[in-house]
Protein chains: 2
Amino acid sequence: MSTDPLSLTFAALADPTRRAILARLSQGESSVKELAEPFAMSLPAVSKHLKVLERAGLITRGKEAQWRPCRLDPGPLQDVSQWLEHYSRFWDQSLGRLDEMLRAIKARPPDKSGV
Amino acid sequence: MSTDPLSLTFAALADPTRRAILARLSQGESSVKELAEPFAMSLPAVSKHLKVLERAGLITRGKEAQWRPCRLDPGPLQDVSQWLEHYSRFWDQSLGRLDEMLRAIKARPPDKSGV
DNA sequence: CAGTTAATTAACTGATCGGTTTACTAATCG
DNA sequence: CGATTAGTAAACCGATCAGTTAATTAACTG
């Protein structure tokens with residue numbers, strides 16, 4: 001697997017269980033056991049999912065007695081959003097015309113940023 | 001791997017080569033051979049990447065003599081954008097304060113303080 | 001027709017993924 | 001102290017991934 005930040009983020013998001021965990025955490029902090037409850041899988045499995053999310057920077061974990069409260073970190077999601085903006089002209093009505101113009105002007109230098 | 005549309009899309013995006021291919025296609029249609037040129041990998045490898053992108057609906061392919069021109073389909077990217085919107089309140093400046101308030105209210109029920 | 005070009009298919013490989021069970025650490029409770 | 005609770009680590013498994021090389025299909029070219 002690729003280890004650049006964007007790839008780690010997309011890979012972490014490419015699993016419904018992990019997206020459900022993020023949705024849960026968007027409501028507020030939660031312990032591992034609480035997060036695991038809705039799923040028909042073992043606790044270690046959830047623990048692994050959390051590790052994937054953590055490696056992508058999508059969650060951070062605290063320490064509180066014997067609990068490891070997880071909370072959402074939106075940073076990587078914002079990075080995804082920025083990456084997406086690069087393509088928004090393809091579906092954004094108001095920018096469609098501008099895009100046509102820009103593309104017609106081929107004098108643009110090759111843009112490799114944000115690949 | 002999960003086979004729901006969003007998972008297929010995120011998985012397809014979790015690879016720098018495939019993102020580079022999309023970036024290239026955002027400039028216009030291209031043949032497989034042209035797409036493969038910038039990469040230090042075999043043509044079949046690129047062909048496989050294209051199949052992943054196609055399965056996610058991110059590209060469509062035509063037929064023109066012995067070429068299979070690929071072009072970008074922004075649909076799945078728009079779906080990702082919508083999914084992201086659900087989280088945009090976490091980094092959107094203007095909504096940040098409101099979110100803080102909502103979270104402060106909602107984070108009450110599972111009360112572990114003083115346990 | 002034979003030869004070239006474009007692309008895919010097939011078979012194989014090593015690495016990673018998503019899950020399991022078992023065993024372990026660490027903190028709290030009685 | 002021992003027992004319980006929360007979570008992680010280790011070892012294992014089958015499936016998938018990302019790449020390879022070799023063979024094949026399909027269309028154009030001379």
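**Chatting about helix α4 and two DNA strands**

Student: Which residues of α4(B) are exposed?
Tutor: B:Pro44, B:Lys48, B:Lys51 and B:Arg55 are exposed, on the other side of the helix from its buried residues. Exposed means over 50% relative accessible area, buried under 20% and partly exposed in between, using a 1.4 Å probe and protein chains only. Helices (H or I, at least four residues) and strands (E, at least two) are DSSP runs, numbered from the N terminus.

Student: Anything I should know about the model itself?
Tutor: It is a predicted model, where local features need pLDDT of at least 70, side-chain atom pairs count only at pLDDT 80 or more, and totals for chains, interfaces and linings use all residues. Residues are numbered from 1 along each chain as its sequence is written, chains are lettered from A and ligands numbered from 1 in the order in which they are written, and side-chain values use heavy atoms, leaving out hydrogens and water.

Student: Okay, back to the helix. Which residues of α4(B) are buried?
Tutor: They are B:Val46, B:His49, B:Leu50 and B:Leu53. These sit on the same side of α4(B), because they cover an arc of only 100 degrees around the axis. The arc is taken from the directions that run from the helix axis to the C-beta atoms.

Student: And what covers those buried residues?
Tutor: The cover includes α1 (5-13), α2 (16-25), α3 (32-36), β1 (59-61) and β2 (70-72) of chain B.

Student: How far apart are the end C-alpha atoms of helix α4 of chain B?
Tutor: They are 18 Å apart, which agrees with the 18 Å that its 13 residues (43-55) should span at 1.5 Å a residue. The expected span is 1.5 Å times one less than the number of residues.

Student: What comes just after α4(B)?
Tutor: B:Gly57 is found there, with a positive phi of about 80 degrees.

Student: New topic! Which residues come nearest to DNA strand C?
Tutor: Of the 23 residues around DNA strand C, the nearest are A:Ser42, A:Lys48, A:His49, B:Lys33 and B:Ser47. Sugar and phosphate make up 73% of the strand's atoms that come within 4 Å of the protein. A residue is near a strand if one of its heavy atoms lies within 4 Å of it.

Student: Which atoms are close to phosphate oxygens of DNA strand C, and at what distances?
Tutor: An N or O atom in the side chain of B:Ser47 is 2.4 Å from one. A polar backbone atom of B:Lys33 is 2.7 Å from a phosphate oxygen, and for a polar backbone atom of B:Arg68 the distance is 3.3 Å.

Student: What gives the most to the surface near DNA strand C?
Tutor: That is α4(B), with five residues. By class, this surface has nine nonpolar, six polar and eight charged residues. Here Ala, Val, Leu, Ile, Met, Phe, Trp, Tyr, Cys and Pro count as nonpolar, Asp, Glu, Lys and Arg as charged, and the others, Gly among them, as polar.

Student: How about DNA strand D, what comes nearest there?
Tutor: A:Lys33, A:Ser47, B:Ser42, B:Lys48 and B:His49 come nearest, out of the 22 residues around DNA strand D. A phosphate oxygen of this strand is 2.6 Å from an N or O atom in the side chain of B:Ser42. A polar side-chain atom of A:Arg61 lies 2.8 Å from a phosphate oxygen of DNA strand D.

Student: What gives the most to the surface near DNA strand D?
Tutor: For DNA strand D it is α4(A), with five residues. That surface has nine nonpolar, six polar and seven charged residues.

Student: Let's do a loop. Where is A:Ala65?
Tutor: A:Ala65 lies in the loop between β1 (59-61) and β2 (70-72) of chain A. Its phi is positive, about 55 degrees, although it is not a glycine. Most residues other than glycine have a negative phi.

Student: Is A:Ala65 buried or exposed?
Tutor: Exposed, because its relative accessibility is 58%.

Student: And A:Ser30, buried or exposed?
Tutor: A:Ser30 is buried, with a relative accessible area of 2%. This residue is in the loop between α2 (16-25) and α3 (32-36) of chain A.

Student: What does the side chain of A:Ser30 make a polar contact with?
Tutor: Its partner is the side chain of A:Glu34, at 3.0 Å. A polar contact is a pair of N or O atoms within 3.5 Å; within protein, one must be able to donate a hydrogen and the other to accept it, and residues adjacent in sequence count only if both atoms are side-chain atoms.

How values were computed:
Contact = heavy atoms within 4.5 Å.
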